[in-house]
Amino acid sequence: KHECPTAMAKGGHVSRSGAVGVRGAVKMLLRARVDRAGLGAPRSFGGSVALGGSRSRRPGWARPGRPQVVVALAISKPEEHECDVCIVGGGPAGCTCALYTSRADLKTVVLDKNNTTGALAITSTIANYPGVDKTMPGQQLLDEMVKQAVDYGTDYRRAQVFLVDSQGEYKYVYTPDATFKSRALVLASGAMGRKATFKGEDTYLGRGVSYCATCDGAFYRGAEVVVVGVTQEAVEEAQFLTKFAGTVHWITVKDPVGVPFADDLLACDNVKHWNSSRLVSIDGDDSGVTGIRLKQRGAESEESLDVTGVFVYVAGQLPITDFCQASGLEFNEEGNHESGIKVNDEMATNQPGVFAIGDIRNTPYKQVVVAAADGCIAAMAIDKYLKGRKNVKVDWVHN
């Protein structure tokens, strides 16, 4: 099974999608390109080998001053699926785009990491979306959007994207289990990313700090790890870690009552819950993370835990672009990934066949109806692009 070390570059923002940063992305991109060329996996990019360093159980780890050690690992080639349109993100923008492209008879795949943790899903009620009852929860509206797209032929999948290669005629989207080859690519991952805010988080990115348990969990077999967050995403990722880690310390700032599957997680023998607690700092040395400090509500002093892995699942408000920072896409402010992906009136980026919609554009109008409109515009532009039309064909059914 294909594993992806999340070696996020310093200076990049943290993605709730758990996507790798520039350094890790370049590594995976080179390996993918060589693999597609039929040359096999290059030895220096195999498995958990760090860039410029020796292999370690910690992803991206390299001990300074030591010569490079190249380790050859057997990596099975992930499945490859072909489609006309691949959409990264299953929120209102992505689902609307999928609805229109599917109705245009374009084979469409939506890759969505978690449909319960996006901006719409966590909204308690939607009162300003046209035609929707003001008591409807955001999750219900999103579920209806997904169902409508699927009913028209969309292939909707739960999958985490860690890299895209968008510069050629065909676009390649990489997940831990499969590669998706498409003629058009739509980036709709939203804007719930965040900067590294915990002390030591930025320092140990890729050296014990991770945002993807499904990518990095196997590196922590028998180890003590920490999961920070009180969302369904945090719970699911912690559950995955229980298969590998000796102990999973789950830190939540509040009681996880009502969080789906939280009771199942707490029933695991190797899970220790630190309720009403906050992460104070992540500590380590040249080898990576060695421990954390936390503070429980009402306690007089901080506590220390010896751990080697820290998995952070805390939401923010920055565009989630980590998985595409190495793809050559232009941003609204040159070199500033936090400024959002730059598009034209058709939601097209600087690369032919690549579109960006919704909050990943960092539009100030962060509304469901605006995201849906973006998806519609992009879909019509994609239909024109793929079918070589000069003008947009309106999707309008006359009875």
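This short presentation covers three strands and the cysteines of the structure shown above.

The model is predicted: local features need pLDDT of at least 70, side-chain atom pairs count only at pLDDT 80 or more, and totals for chains, interfaces and linings use all residues. Residues are numbered from 1 along each chain as its sequence is written, and side-chain values use heavy atoms, with hydrogens and water left out.

I begin with the strands. Strands are DSSP runs of E with at least two residues, numbered from the N terminus, and two of them pair if DSSP finds at least two bridges between them. Strand β11, residues 277-285, runs antiparallel to strand β12, residues 288-296, and 8 bridges join them. Within this pair, valine 289 of β12 has glycine 284 opposite. The two strands form a hairpin, with 2 residues between β11 and β12.

β12 also pairs with strand β13, residues 303-305, in the antiparallel sense, here over 3 bridges. Isoleucine 292 faces leucine 305 of β13 across this pairing, standing opposite that residue. β12 and β13 again make a hairpin, with 6 residues between them. In that turn, glycine 298 has a positive phi of about 90°.

I turn now to the cysteines. How many disulfides are there, taking a disulfide as a pair of cysteine sulfur atoms within 2.5 Å? The count comes to 0. For cysteine 97, the closest cysteine sulfur belongs to cysteine 376 and lies 9.0 Å away, which is too far for a bond. Cysteine 97 is buried (under 20% relative accessible area, 1.4 Å probe, protein chains only), at 0% relative accessibility. Cysteine 324 is buried, its relative accessible area being 0%.

Key:
Helices (H or I, at least four residues) and strands (E, at least two) are DSSP runs, numbered from the N terminus. A disulfide is a pair of cysteine sulfur atoms within 2.5 Å. Buried means under 20% relative accessible area, exposed over 50%, partly exposed in between (1.4 Å probe, protein chains only).
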